[in-house]
Amino acid sequence: MKVSVKMNVEDNFHSILQSLNSLISYVGGLHLKPNIKVIIKPNLCALKPPKSGVTTDVKVVEALIKIIKREEPTAKIYIVESDTHVRNTWKAFEILGFLRLREKYGVELINLTEEELVELNIDNGHFFKEMYVPRILTGEMLLISAAKLKTHSSEKITCSLKNLFGLLPEKNKYIYHPHLSKVLFDIMRIFNPALNVVDGIYAMEGGGPVGGRVRKA
């Protein structure tokens with residue numbers, strides 16, 4: 001696994017796009033096939049802007065879309081998130097600026113909580129023996145975790161792995177928090193991202209993942 005870090009990224013689209021271009025190139029590129037299904041999972045856990053340190057900046061996701069479209073114009077891109085017991089995905093898409101990506105680039109926005117589910121068995125699962133997952137997340141695909149850099153009261157840090165927690169379609173995902181490490185291990189058995197991008201332009205310290213202190217990282 002290759003890791004690349006870009007420091008002092010400015011909070012504007014040009015700087016973000018330029019930085020992601022160099023980062024993705026350094027780790028070996030995306031190697032996209034014609035008509036590949038690309039799933040981008042941002043962290044939209046609350047109705048708070050990126051400068052709060054809580055959510056993935058829409059500019060990061062837009063830069064990813066431009067890079068993917070440039071490399072493989074036939075790629076089918078889906079931006080996905082799921083409802084929680086306190087936040088609706090469509091409201092998050094609207095407030096955090098993701099609806100315009102659908103209009104500008106023709107990508108699809110998916111609320112995983114509304115999708116048809118498929119049962120998958122997990123051999124030797126740490127928590128799940130079987131898991132119901134949205135059908136859109138099955139079959140050949142390229143999964144990109146577009147996470148946020150911040151602390152977490154249960155797991156100390158929430159980054160690329162914890163971001164995948166939002167692939168579970170249930171609204172009441174909080175019931176899994178006492179078993180979070182085991183649940184994340186099982187999720188990784190099924191969903192292994194090809195690329196993990198972490199938005200640390202505005203990060204969070206202290207009482208994350210929602211109520212901590214903002215830090216411009």
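**Exercise 1. Find out which parts of the chain are tied together by the salt bridge between Glu140 and Lys33, whose side chains meet at 2.8 Å, N to O.**

Solution. The model worked with here is a predicted one.
Step 1: place both residues. Glu140 lies in the loop between E5 and strand E6 (142–152), while Lys33 lies in the loop between H1 and strand E1 (37–42), so the pair ties together parts that are 107 residues apart in sequence.
Step 2: look at how open each residue is. Glu140 has a relative accessible area of 54% and is therefore exposed, since exposed means over 50%. Lys33, at 48% relative accessibility, counts as partly exposed.

**Exercise 2. Decide whether Glu81 and Lys41, which form a salt bridge, are buried or exposed, and say which strands they belong to.**

Solution.
Step 1: take the distance. The closest N and O atoms of Glu81 and Lys41 are 3.2 Å apart, and a salt bridge needs a nitrogen and a carboxyl oxygen within 4 Å, so the pair qualifies.
Step 2: locate the partners. Glu81 sits in strand E2 (residues 76–81) and Lys41 in strand E1, so this salt bridge ties together parts that are 40 residues apart in sequence.
Step 3: read the accessibility. Both Glu81 and Lys41 are buried.

**Exercise 3. Describe the salt bridge of Arg215 with Glu205, and then place it among the salt bridges of the whole structure.**

Solution.
Step 1: the closest N and O atoms of Arg215 and Glu205 are 2.9 Å apart. The pair links distant parts of the chain, with Arg215 in strand E9 (residues 213–215) and Glu205 in strand E8 (residues 195–205), ten residues apart.
Step 2: Arg215 counts as partly exposed at 48% relative accessibility, and Glu205 likewise counts as partly exposed, at 29%.
Step 3: a search of the whole structure finds eleven salt bridges. Salt bridges also link Asp11, Lys51, Asp57 and Lys59 into a network.

**Exercise 4. Follow the aromatic pairs that involve Phe128, and say which parts of the chain its pair with Tyr176 ties together.**

Solution.
Step 1: begin with the total, which is five aromatic pairs in the structure. One of them joins Phe127 and Phe128, with 4.9 Å centre to centre and 85° between the planes. Planes over 60 degrees apart count as edge-to-face, so this pair is edge-to-face.
Step 2: compare the accessibility of the two rings' residues. Phe127 is partly exposed, with a relative accessible area of 30%, whereas Phe128 is buried, with a relative accessible area of 8%.
Step 3: go on to the second partner. Phe128 and Tyr176 also form an edge-to-face pair, at 5.3 Å centre to centre and with 70° between the planes. Phe128 lies in the loop between strand E4 (117–121) and strand E5 (130–134), and Tyr176 in the loop between helix H5 (160–163) and helix H6 (180–190), so the pair ties together parts that are 48 residues apart in sequence. Both Phe128 and Tyr176 are buried.
Step 4: turn to a further group of rings, in which ring pairs link Trp90, Phe93 and Phe98 into a cluster.

**Exercise 5. Identify the lysines whose charged ends sit over the rings of Tyr26 and Tyr202.**

Solution.
Step 1: over the ring of Tyr26 sits the charged end of Lys2, which is 5.9 Å from the ring centre.
Step 2: over the ring of Tyr202 sits the charged end of Lys216, 5.5 Å from the ring centre.

**Exercise 6. Set Ile67 beside Val3: which residue is buried and which is exposed, and what lies around each?**

Solution.
Step 1: Ile67 lies in helix H2 (residues 58–71) and counts as buried, at 3% relative accessibility.
Step 2: leaving aside neighbours within four places in sequence, Ile67 is in contact with Leu17, Leu20, Asn21, Ile24 and Leu30. Ile67 and Ile24 are 43 residues apart in sequence and 9.2 Å apart in space, C-alpha to C-alpha.
Step 3: Val3 lies in the segment before helix H1 (13–26) and counts as exposed, at 58% relative accessibility. Together, Met1, Val3, Val5 and Met7 make a nonpolar surface patch of about 570 Å².

How values were computed. Residues are numbered from 1 along each chain as its sequence is written. This is a predicted model: local features need pLDDT of at least 70, side-chain atom pairs count only at pLDDT 80 or more; totals for chains, interfaces and linings use all residues. Side-chain values use heavy atoms; hydrogens and water are left out. Rings of Phe, Tyr and Trp (its six-membered ring) pair if their centres lie within 6.5 Å; planes under 30 degrees apart count as stacked, over 60 as edge-to-face and the rest as tilted. Buried means under 20% relative accessible area, exposed over 50%, partly exposed in between (1.4 Å probe, protein chains only). Helices (H or I, at least four residues) and strands (E, at least two) are DSSP runs, numbered from the N terminus. A charge sits over a ring if NZ of Lys or CZ of Arg is within 6 Å of the ring centre and within 35 degrees of the ring normal. Patches are made of residues with over 30% relative accessible area and no salt bridge: like charges are joined within 9 Å, nonpolar side chains (Val, Leu, Ile, Met, Phe, Trp, Tyr) within 5 Å. Accessible areas come from the Shrake-Rupley method with a 1.4 Å probe; for residues, only the protein chains shown count as cover. Contact means heavy atoms within 4.5 Å.
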